[in-house]
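Trainee: Could you help me learn to read a protein structure, one feature at a time?
Mentor: Gladly! Let's look at it together.

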Amino acid sequence: MTMDNRYSHQWYVSPGGDDNNIGTIDRPFRTIGRARDEARKGTASMTGDFRIWIREGTYAQTEALVFDSRDSAPAGFRIVYAAVPGESVTISGGVRVENWVEVDDAEGRRLFQASAKGLPYSRHLYVNGSPAPRPRSKEIKATSWNVAKDEDFAFWHLLETVTTYQGELSVYEGYRTTRTDMLGWSNPQDVEAVYDVGWTHSVCPIESIRSDGADSAVVRMKMPCFRDCQIKAGVQIGSPSYFENVFELMNEPGQWYFDRSGQTVYYYARDGEDVAAMEFVIPLAERLIDIRGELGSPVRGLAFDGLEFCHTTFLQPLTSGHPEVQANLLKDSRDDAHAHSAYLKVPSAIVLHAAEDVRFENCRFHRLGSGAVDIETGSRRNAFVGNEFAGIAGSGIQVGDFSFADAHPDDEREIVGDNVIANNYFHEIGTDFKGSVAVIVGYAEGTAISHNEICEIAYSGISVGWGWGYADPGVERLSNFAPDHYPVYDKPTVLRRTRVEYNHIHHVLRKLHDGGGIYTLSAQPESVINGNYIHDNGSEPDVVCVEDIVRHTYGNYEKYGHYGSFHGFPGGIYLDEASAEFEISNNVIHSVIMPIHYHEVVKNAFRTLSIFGNVTNILPESPLFPAAMAARAGLEEPYRHLLDREGEFEPHS
């Protein structure tokens, strides 16, 4: 290749380079961070764009590559980090695990082990590019909003009773169980109890297991996570749905286990697998890119083109737990009083904080152990266009923040606004954390979500809005009344001008319940849901409400309530609590339980909606099906090649 004269300065990075080089095509740098530092020296005197060309190979990172305001481009210019055309560039937070040795196993398993000495702990392993499952117990499945009920487990040792807006809730220390085999589990502090209830997926570590007589054991759970799981807003927990990460339950080929105390990694090989010839990657980093400006000095004008981001893990579910409230947001254990404001976000591999005019294009985000992207505090006019998000443990893209303070910021510079998410392909989202969504928007203004292909999502496809109306002004509630200590506001939130248009959303709600292809909360003035094609969500193809729009109140529960017992309810456009001031037009919706479901808890809010031109419950084989309308949704022509990778990220199980 030759130098490109379109750029005022350009540097080269190669796995075979050296950071003592000068960054030319013949003498490239070794790391992206070194190229960043060199570009940083010239940003104040830019006369044209800067380009950092990244040559083919894997660039391993055990910690995030940080960009701050020193890395900004002046107005009108860009600093572009790009793969050389035709070359594959991977930014990985993992390391390879090698030198596997077969174990003489008394149970006849093809069990292999490798040393983990010197490696930090990880909750993930990728085998030939696919995620390997950890050993777990048999799952007890619950329907709709019910908790799991296991006769072998009962709550043990009442600690307190907590009064919440939902009434009095009991807090226990753990369980008494007849499952005395648990006394033989090694490393019980590394075992995670998992709870799938309604729309939530919570994880709580075990503190200890002890004998409680000949026929029972006591399982003490990790606090404050276990307490939070019992008192959090929405739905709470019962018996565990299953236990995960138990070495003694390693009974299926393809499973793996990280023995922290023994500093050893185990893999149960399938018949015919040549372990010595396979690639094993264990992620160590939790974040890959941190674009971190300040409100008075944002990071501006960066671009990333043609890069792959992969191999992160997420340790919090093990170290302190994962008490999910909704959409992979967690209860904040420091605040019991503000159930609709006190949330913790799950971290993402890429973070934009006080970032402006940053663009990611033609990139792949995959094999990530938490979320992929977080666009937060003070970030504006950023764009994600033409990317693939696949094999993501958490959510695809989070936009905005989620507290009352974010709804009504004291400093307008904190507002997240005018970000674009267009022509991306989201699939296999929420592989671990089942409450995850492809795109979630909290308190933000001017978010545009258009022409995305969204499928195989654990929970909802797109979720916009937050707060259930408790941060909106002048709300007269019909039910779910605000606690007396909640703040009262006299002006609208920053949540406005949301546009969700021409997205193709199908086969979502694969794992959890009570969500939609598009899900909304709270008032969003000047917002539009238009031209989307939504279909085949949930797992009840024969259960369909014939009404186009259902206004659900607690007064008509007898008429519509039974639909809620079917998995995937409601599945179409779900206008949940306090949703208001939307235009909902020209959407095509079929093969869902309810095409448009309005949860009516605020007086007169339904009157603020403009609903017209939607086509519901007409199947593609019908001559009445609006094929031209449906065809306009999804990826536009220059980006349809992204669909060729469908199914690449199936679990290694």
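Trainee: Which residue in β24 is the bridge partner of threonine 90?
Mentor: Start with the general idea: strands of a sheet pair through backbone hydrogen bonds, either parallel or antiparallel. Here, in a model that is predicted, threonine 90 has glutamate 308 of β24 as its bridge partner. Strand β6 (residues 89-92) and strand β24 (residues 307-310) run parallel and are joined by 4 bridges.

Trainee: What is the order of the strands in the open sheet?
Mentor: The order is β3-β6-β24-β31-β34-β37-β40-β43-β46-β50-β53, which makes 11 strands with parallel pairing. At the edges you find β3 (57-60) and β53 (615-616), each of which pairs on one side only.

Trainee: How many bridges are there between β1 and β2?
Mentor: There are 5 bridges, and the pairing is in the parallel sense. One contact to look up is histidine 9, whose bridge partner in β2 is phenylalanine 50.

Trainee: And how many residues of strand β2 are buried?
Mentor: In strand β2 (residues 50-54), 5 of its 5 residues are buried. Follow the side chains next: Phe50, Ile52 and Ile54 point one way, while Arg51 and Trp53 point the other way. Two of these residues also meet through a charge and a ring, as the charged end of arginine 51 sits over the ring of tryptophan 53, 4.6 Å from its centre. You can find another such contact where the charged end of arginine 477 sits over the ring of tyrosine 470, 4.0 Å from the ring's centre.

Trainee: Let's turn to rings that meet other rings. How many aromatic pairs does a search of the whole structure find?
Mentor: The search finds 39 aromatic pairs. Take tryptophan 100 and tyrosine 267, whose rings are 6.4 Å apart centre to centre, with 65 degrees between the planes. That pair is edge-to-face, because the angle is over 60 degrees. The two partners come from distant parts of the chain, 167 residues apart: tryptophan 100 lies in the loop between β7 (94-96) and β8 (101-102), and tyrosine 267 in strand β19 (residues 264-268).

Trainee: Is tryptophan 100 buried or exposed?
Mentor: Buried means under 20% relative accessible area. Tryptophan 100 has 14%, so this residue is buried. Tyrosine 267 is buried too, at 0% relative accessibility.

Trainee: Why is the pair of phenylalanine 304 and phenylalanine 360 called stacked?
Mentor: Their ring centres are 4.6 Å apart and their planes meet at 15 degrees, so the pair is stacked. Phenylalanine 304 belongs to strand β23 (residues 302-305) and phenylalanine 360 to strand β30 (residues 359-361), 56 residues apart. Phenylalanine 304 counts as buried at 3% relative accessibility, and phenylalanine 360 is buried at 0%. Both belong to one aromatic cluster, whose members also include Phe67, Tyr81 and Phe309.

Trainee: I'd like to read empty space as well. What is the volume of the second largest pocket?
Mentor: The general idea is that rolling a probe the size of a water molecule over the atoms shows where empty space is left. The second largest pocket has a volume of about 610 Å³. Of the 30 residues in its lining, the closest to the centre are Trp199, Asp514, Tyr554, Glu577 and His599. By class, the lining has 17 nonpolar, 10 polar and 3 charged residues. The largest share, 3 residues, comes from β51.

Trainee: And how many cavities of 30 Å³ or more are there?
Mentor: The count comes to 2 cavities. The largest cavity holds about 120 Å³ of space. Its lining has 16 residues, and Ile231, Ala233, Lys331, Asp336 and Ala339 are the closest to its centre. That lining divides into 8 nonpolar, 3 polar and 5 charged residues.

Trainee: Which residues line the second largest cavity?
Mentor: They are Asp401, Asp406, Pro409, Glu414, Ile415, Val416, Tyr443 and Val494. The space inside is about 50 Å³, and the lining has 5 nonpolar, no polar and 3 charged residues.

Technical notes. Residues numbered from 1 in each chain as written. Predicted model: local features only at pLDDT ≥ 70, side-chain atom pairs only at ≥ 80, totals over all residues. Heavy atoms only, no water. Pairing = 2+ DSSP bridges. Helix = DSSP H or I, 4+ residues; strand = E, 2+ residues; numbered from the N terminus. 1 Å grid on protein atoms, 1.4 Å probe; cavity = no way out; pocket = protein on both sides within 12 Å on 5 of 7 lines; lining within 4 Å. Points joined across faces, edges and corners; volume = space filled by probe spheres on them. Nonpolar A, V, L, I, M, F, W, Y, C, P; charged D, E, K, R; others polar. Phe/Tyr/Trp six-rings, centres within 6.5 Å; stacked < 30°, edge-to-face > 60°. Buried < 20%, exposed > 50% of the residue type's maximum accessible area, 1.4 Å probe, protein only. Lys NZ or Arg CZ within 6 Å of the ring centre and 35° of its normal.
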